[in-house]
Amino acid sequence: MKNLRNLIVILGLIVLSACSDSDEKIIEEFEDKELSEVMDSFQTKVSEIEIPTALSNNSDSNAQTTATYFNVVKSYGLIFSAFFNVPENATSQRLNLAGRNSATGNTQTYTWSDGTSTINYTVTELVDRFTFAYEIQSPNYSGKVMDGYSLKDESRAELNMYDSSTGGSVLSLKWTFINNTATLDVKSSDGSQFILTANPDNSGNLEIYENNSLSVKCTWTATGNGTLINYETGETFTW
């Protein structure tokens, strides 16, 4: 699921964002928030997804495989999350100063640079959601890197990452957070897909698809016991 050029772009964005304020804020009211802060709660929730300690510390090979898969999916969530770090020295321009019930919405563009590459991050507030667009201007690539939306009630977000050579979508992330249960659905344009469900008691399950077919399913309890089913070999493992 890795695209080298896109990961290079991502790493560049993370470096450019390194000087941002790292304080985590839980959004309670949007009206008094800068548009740069509207995804703070998403960042916090992704970082707080965990598996039971008994699972991560289990020496069973299938438990360790499950923990590795979990960490891979969470890392994708954290990579997308890094897009929403706006450095304190970013400049901003606000447009379309319409009412919150207007279809045109409010738009804010944040711009920052390391002297070589420049990031333009645009957030638009609509009636029920915020939309996002990331563009980079650099010697190696100029164009859109990411776009997507998040509902204002924080129950759903969808983000897309774009190929720096073709401009096509190469990686997508769908996020839901309902009744304190989080779902991360990460899909590559090559047909690979991870669907992670994390419950508030740290129990959960993870489905892995290859070529759009279910390949592996891992399920674990709050106490760290679990099952791994390999649909390619027909084997089931428990620990």
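This report covers the internal cavities of a predicted model and two asparagines with positive phi.

The model is predicted: local features need pLDDT of at least 70, side-chain atom pairs count only at pLDDT 80 or more, and totals for chains, interfaces and linings use all residues. Residues are numbered from 1 along each chain as its sequence is written, and side-chain values use heavy atoms, with hydrogens and water left out.

A cavity is a set of points, on a 1 Å grid over the protein atoms alone, where a 1.4 Å probe fits but cannot get out. Grid points are joined across faces, edges and corners, and a volume is the space filled by probe spheres set on the points. There are 2 cavities of 30 Å³ or more, and the largest has a volume of about 100 Å³. Its lining (residues with an atom within 4 Å of a point) numbers 13 residues, with Met39, Phe42, Ser150, Glu154 and Trp175 nearest the centre. Two or more lining residues come from each of α2 (40-48), β5 (142-151) and β6 (156-162); α2 gives the most, with 3. Helices (H or I, at least four residues) and strands (E, at least two) are DSSP runs, numbered from the N terminus.

Asparagine 179 and asparagine 211 are not glycines, yet each has a positive phi. Both count as exposed, that is, over 50% relative accessible area with a 1.4 Å probe, protein chains only.

| Residue | Phi | Loop between | Relative accessible area |
|---|---|---|---|
| Asparagine 179 | near 55° | β7 (169-178) and β8 (181-188) | 71% |
| Asparagine 211 | about 55° | β10 (204-210) and β11 (213-220) | 62% |

Note on methods. On a 1 Å grid over the protein atoms alone, a cavity is a set of points where a 1.4 Å probe fits but cannot get out, and a pocket is an open set with protein on both sides within 12 Å along at least five of seven lines; lining residues have an atom within 4 Å of a point. Buried means under 20% relative accessible area, exposed over 50%, partly exposed in between (1.4 Å probe, protein chains only).
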